[in-house]
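Let us walk through this fold from its strands to its loops. Keep the sequence and the structure side by side.

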Amino acid sequence: MCHQSKIKTPQLGPSVLDYPTNKQSREKLHEFMFGRALETVEGKTDGYEVNLFEKVSADLFVYASGKMVEVGGANFEEIEVEPGAEVWMRMTFPPEMKGEWEIGCFVQEPNAKGHYDQGMKAKLIIE
Ligand SMILES: [Cu+2]
């Protein structure tokens, strides 16, 4: 998975992001968290102290078995996406959300670095 290739800079006002997506991966589940200020639990990076979608709600478009499922007005902390699956998001960022955020995957696997520490993260700048 390469988050960088999927990033678009969202604007204030209605935005549609074509991620989280896990279309490229054939075997691994990934999760997407959006926030600021890394949180560490027992020495492992485990998410963000500030969650972007705590105050901003999004409409999620989930493609399951080839059919679309819409979840309107969702506040969430993470989205887990199985290999081959796709989720689109539509939201409106208010001016106070302007600035630099991050997208990260915090999946842990036995006997390996967590996905975040393997580099599954990307800057998300709201302009
Ligand atoms: Cu991952």
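Two strands count as paired if DSSP finds at least two bridges between them. Strand 2 (residues 30-41) and strand 6 meet that test, with 4 bridges in the antiparallel sense. This is a predicted model.

Start with the inventory. The protein has 9 strands and 0 helices. Read from the N terminus, the order of elements is β-β-β-β-β-β-β-β-β. Among contacts between residues at least 6 apart in sequence, 60% join residues at least 24 apart. Of the 127 residues, 24% count as buried.

How far can the model be trusted? The mean pLDDT is 83, and 80% of the residues reach 70 or more. Strand 3 (residues 44-51) has the highest mean among the elements, 95. Strand 1 (residues 13-17) has the lowest, 64. Over residues 1-7 pLDDT stays under 50. The model still gives that stretch 15 contacts beyond four places in sequence. Where pLDDT is low, the predicted coordinates should not be read in detail.

Now follow the pairing outward from strand 2. Which residue of strand 6 stands opposite Met 33? It is Glu 78. Strand 2 also pairs with strand 8, again antiparallel, over 3 bridges. There Met 33 stands opposite Gly 104. So Met 33 faces a partner in strand 6 and another in strand 8, given that strands pair through DSSP bridges. Strand 8 in turn runs antiparallel to strand 9 (residues 121-126), joined by 6 bridges. In that pairing Ile 103 is opposite Ala 122.

Strand 6 (residues 78-81) shows a clean alternation of side chains. Ile 79 and Val 81 point to one face and are buried. Glu 78 and Glu 80 point to the other face and are not buried. In a regular strand the side chains alternate between the two faces of the sheet.

What lies at the centre of the nonpolar packing? The largest nonpolar core has 18 residues. Phe 32, Met 33, Phe 34, Val 87 and Met 89 have the most contacts inside it. Strand 2, strand 4 (58-64), strand 6, strand 7 (86-93) and strand 8 (99-104) each give two or more residues to this core. In soluble globular proteins, nonpolar side chains tend to be buried together.

Turn to the loop between strand 3 and strand 4, where Val 56 sits. Is Val 56 buried, partly exposed or exposed? It is partly exposed, because 16 other C-beta atoms lie within 10 Å, and buried would take 20 or more. Beyond its neighbours within four places in sequence, Val 56 is in contact with Met 91, Phe 93, Pro 94 and Met 97. Val 56 and Thr 92 are 36 residues apart in sequence, yet 7.4 Å apart in space, C-alpha to C-alpha.

Two backbone angles deserve a look. Most residues other than glycine have a negative phi. Ala 37, in strand 2, has a positive phi near 65 degrees. Ala 37 is exposed, because it has 10 other C-beta atoms within 10 Å and the limit for exposed is 12 or fewer. Asn 111 lies in the loop between strand 8 and strand 9. Its phi is also positive, near 60 degrees. Asn 111 has 4 C-beta neighbours inside 10 Å, so Asn 111 counts as exposed.

Notes. Residues are numbered from 1 along each chain as its sequence is written. A nonpolar core is a set of buried Ala, Val, Leu, Ile, Met, Phe, Trp, Tyr and Cys residues joined through C-beta atoms within 7 Å. pLDDT is the predictor's confidence in each residue, from 0 to 100. Two residues are in contact if their C-beta atoms, placed from the backbone, lie within 7 Å.
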